[in-house]
Amino acid sequence: MGPMARVEELWVDRGLPRAVDVILADRIVGGWRSAAVGAAEGRVLEFGFGSGANLRFYGESVKEVLAVDPSDLAWRAAQPGIARFGRPVTRIGDDAALIDLPDESVDTVVATWTLCSIADVEDALAEARRVLRPGGSFRLVEHSLSPRPSVQRFQRRVQPVWGRVSGGCHIDRDMSGLLASAGFDTGALTARDAFQFLPAKPWSYFVAGGATPC
Ligand SMILES: C[S@@+](CC[C@H](N)C(=O)[O-])C[C@H]1O[C@@H](n2cnc3c(N)ncnc32)[C@H](O)[C@@H]1O
């Protein structure tokens with residue numbers, strides 16, 4: 001492996017999980033987290049569990065969390081929060097595209113700023129649809145392809161470089177469209193620029209709320 005590839009690997013494995021916790025700190029996006037995951041209930045399957053930043057936003061009606069994430073570093077960092085949470089949290093896999101659970105076996109699927117990073121996002125959404133019980137809900141907040149043509153052009157142009165430095169994050173995915181194609185009713189989702197700061201716009205057109213199986 002060449003030195004640049006090694007630096008890239010170190011950054012993605014060790015630097016990036018820590019950077020995510022800084023960028024997605026509660027003082028910046030806590031309101032979005034709360035609105036997205038506060039309505040989760042029962043048995044929750046969480047894609048991209050990371051270091052467990054959503055645990056403190058789950059209400060009492062969440063009985064159990066099944067975590068899926070490839071990062072061992074983030075899972076270790078999550079342990080103090082899991083202990084404080086006081087309800088069962090089990091890491092059941094490392095790829096949301098392949099979930100080892102029966103059909104219709106969870107009440108809520110949660111994903112926060114994660115669908116952008118899943119390589120096989122269509123497969124992951126098909127898994128979410130498969131394991132959700134009828135009447136269950138997919139609670140999410142994700143950054144998405146902007147509806148503004150100028151921002152879209154920038155997102156598509158910068159994606160090849162951004163994908164490499166961000167461990168495979170995509171800023172050019174139409175999240176509502178992907179959810180609809182996977183069999184979710186997206187009518188109750190909201191979508192808007194989270195920040196008016198112009199340089200942030202390619203990363204902060206957020207799609208949030210609850211999508212239900214249809
Ligand atoms: C930007 S971080 C968000 C972490 C956390 N959800 C949060 O809100 O702070 C994206 C997460 O997705 C995880 N991830 C990447 N590929 C994944 C996959 N195929 N299946 C599940 N999680 C994945 C990463 O390891 C990382 O923890």
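This report walks through the ligand shell, the strands, the core and two unusual backbone angles of a predicted model.

## Around the ligand

Let's start with the ligand, which has 20 residues around it. Gly 48, Gly 50, Ser 71, Ala 96 and Thr 112 are the closest of them. Sorted by class, the shell comes out as twelve nonpolar residues, six polar ones and two charged ones.

## Strands β1, β2 and β4

Strand β1, residues 42-47, has parallel partners in both β2 and β4. With β2, which covers residues 62-68, the pairing runs over six bridges. If you want a spot to look at there, Arg 43 sits opposite Glu 64 of β2.

With β4, residues 106-112, the count is four bridges. Here Phe 47 is a handy marker, since its bridge partner in β4 is Ala 111.

## The nonpolar core

The largest nonpolar core takes in 54 residues. Which of them touch the most other members? That would be Val 44, Val 109, Leu 140 and Ala 208. Leaving aside residues up to four places away in sequence, Val 109 touches Leu 45, Phe 47, Ala 128, Leu 132 and Phe 138. Phe 47 thus turns up twice: as a contact of Val 109 and as the bridge partner of Ala 111.

As background, nonpolar side chains in soluble globular proteins tend to be buried together.

## Leu 125 in helix α5

Helix α5 spans residues 121-131, and Leu 125 is part of it. Is Leu 125 buried or exposed? It counts as buried because it has 27 C-beta neighbours inside 10 Å, and 20 are enough for that label.

Some of its company comes from much further along the chain. Leu 125 and Leu 178 are 53 residues apart in sequence, yet their C-alpha atoms are 8.0 Å apart in space. Not counting residues up to four places away in sequence, Leu 125 touches Leu 178, Leu 179 and Ala 182.

## Two positive phi angles

Two non-glycine residues deserve a quick look at the backbone. Glu 104 has a positive phi of about 50°, and Trp 113 also has a positive phi, near 50°. Glu 104 lies in the loop between β3 (89-93) and β4, whereas Trp 113 lies in the loop between β4 and α5.

How buried or exposed are they? Glu 104 has 14 other C-beta atoms within 10 Å, so it is partly exposed, as that number falls between the limits of 12 and 20. Trp 113 is buried because it has 23 other C-beta atoms within 10 Å.

Note on methods
Residues numbered from 1 in each chain as written. Predicted model: local features only at pLDDT ≥ 70, side-chain atom pairs only at ≥ 80, totals over all residues. Near = placed C-beta within 6 Å. Nonpolar A, V, L, I, M, F, W, Y, C, P; charged D, E, K, R; others polar. Pairing = 2+ DSSP bridges. Contact = placed C-beta atoms within 7 Å. Core = buried A, V, L, I, M, F, W, Y, C linked by C-beta atoms within 7 Å.
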